[in-house]
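Here's a quick briefing to read alongside the model. Take a look at the fold first, then come back for the details.

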Amino acid sequence: VTRETFEASLEALDAAIVDPHFAFWSFDLEFTGISADRSTKFDQFDTLPERWRKVHACVSQFTVLQYGVCCFAFDPQSRRWTVRPFNFWLFPDASRGSTETFSCQASSLGFLSSCDFDFNKCVSQGVPFTSPSAARAAEERRARDEQRPPIVPSNERDVEFVRQLKEDVGLWLKKRKQKNDDASYDALTLAPVNGFLRALTYQTLETTDFGVPHSDKPGFIASTVRENGAASYDD
């Protein structure tokens with residue numbers, strides 16, 4: 001199951017669970033590691049609280065790359081079992097500026113490689129997900145941003161900067177619309193600025209409609225060009 005087939009596969013999984021002959025299910029996960037350090041190695045004498053603590057420490061440090069679910073159904077009339085396996089490829093959501101990180105254990109990656117695990121497929125087609133901790137951090141950042149007062153240009157330099165920025169971006173958007181097949185207009189590269197003007201740039205891009213209806217207001221993806229320190233923006 002990849003991101004393209006996720007919705008349809010989820011419906012099939014739901015159907016397997018509500019099957020009147022559904023008996024039980026099992027699941028298995030492939031992590032990027034299984035032991036965070038020596039203190040988390042499993043021992044046959046572990047108590048349930050000790051084992052839970054060790055597992056919690058490991059899953060907090062590593063991430064899941066595959067989630068396998070298998071549904072078992074038993075028909076009492078035919079005395080036959082029906083098994084429906086689902087294998088979900090997963091990868092942490094890297095969109096919307098996510099900075100989520102995770103660790104990898106060499107032995108675990110080596111084991112996955114020896115089993116012909118397709119890492120490229122995992123990254124490019126894995127179903128994106130966000131951990132609860134990353135989701136909470138994103139909500140906290142969003143709340144802080146909403147409470148942050150707007151930046152008000154207070155001198156001629158800043159006012160002129162905003163005016164020129166709006167003019168440059170508006171002209172770029174107009175040319176993009178006129179020449180959709182011209183790759184030279186795919187990105188707009190701006191001159192490097194300090195932190196204050198960079199924040200003012202983001203605010204201007206977020207709050208300016210650039211002469212288009214609100215429903216058609218463009219969104220922007222910003223990236224930094226490290227070679228010369230300039231910033232590049234995609235519509």
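At the heart of this briefing is an open sheet of four strands, ordered β1-β2-β3-β4, with mixed pairing. This is a predicted model, so keep that in mind as you go through the points below.

**The sheet**
- β1 and β4 (127–129) are the edge strands, and each of them pairs on one side only.
- Going from one strand to the next, the twist averages 30 degrees.
- β1 and strand β2 (residues 64–75) run antiparallel and are joined by nine bridges.
- If you want a spot to look at, glutamate 30 stands opposite glutamine 66 in β2.
- Helix α1 (residues 6–18) lies across β1, β2, β3 and β4, and its direction is at about 145 degrees to β3.

**Aromatic rings**
- You'll find eight aromatic pairs in the structure.
- One of them is phenylalanine 24 with tryptophan 81: the ring centres are 5.9 Å apart and the planes sit at 65 degrees, so this pair counts as edge-to-face. The cut-off behind that call is an angle over 60 degrees.
- That pair ties together distant parts of the chain, with phenylalanine 24 in strand β1 (residues 22–31) and tryptophan 81 in strand β3 (residues 80–92), 57 residues apart.
- Are these two residues buried or exposed? Phenylalanine 24 is partly exposed, at 40% relative accessibility. Tryptophan 81 is partly exposed as well, with a relative accessible area of 48%.
- Both belong to one aromatic cluster, made up of Phe24, Phe72, Phe74 and Trp81.

**A charge over a ring**
- What sits over the ring of phenylalanine 42? The charged end of arginine 51 does, 4.3 Å from the ring centre.

**The protein overall**
- The secondary structure adds up to seven helices and seven strands.
- Reading from the N terminus, the elements come in the order α-β-α-β-β-α-α-β-α-α-β-α-β-β.
- The protein has 235 residues, and buried ones make up 25% of them.
- Take the contacts between residues at least 6 apart in sequence: 68% of those join residues at least 24 apart.
- The accessible surface comes to about 16,500 Å², and 54% of that belongs to carbon and sulfur atoms.

How values were computed
Residues are numbered from 1 along each chain as its sequence is written. This is a predicted model: local features need pLDDT of at least 70, side-chain atom pairs count only at pLDDT 80 or more; totals for chains, interfaces and linings use all residues. Side-chain values use heavy atoms; hydrogens and water are left out. Rings of Phe, Tyr and Trp (its six-membered ring) pair if their centres lie within 6.5 Å; planes under 30 degrees apart count as stacked, over 60 as edge-to-face and the rest as tilted. Helices (H or I, at least four residues) and strands (E, at least two) are DSSP runs, numbered from the N terminus. Buried means under 20% relative accessible area, exposed over 50%, partly exposed in between (1.4 Å probe, protein chains only). A charge sits over a ring if NZ of Lys or CZ of Arg is within 6 Å of the ring centre and within 35 degrees of the ring normal. Two strands pair if DSSP finds at least two bridges between them. Axes are lines fitted to C-alpha atoms, for helices over the stretch in contact, and angles run from 0 to 180 degrees between N-to-C directions. Contact means heavy atoms within 4.5 Å. Accessible areas come from the Shrake-Rupley method with a 1.4 Å probe; for residues, only the protein chains shown count as cover.
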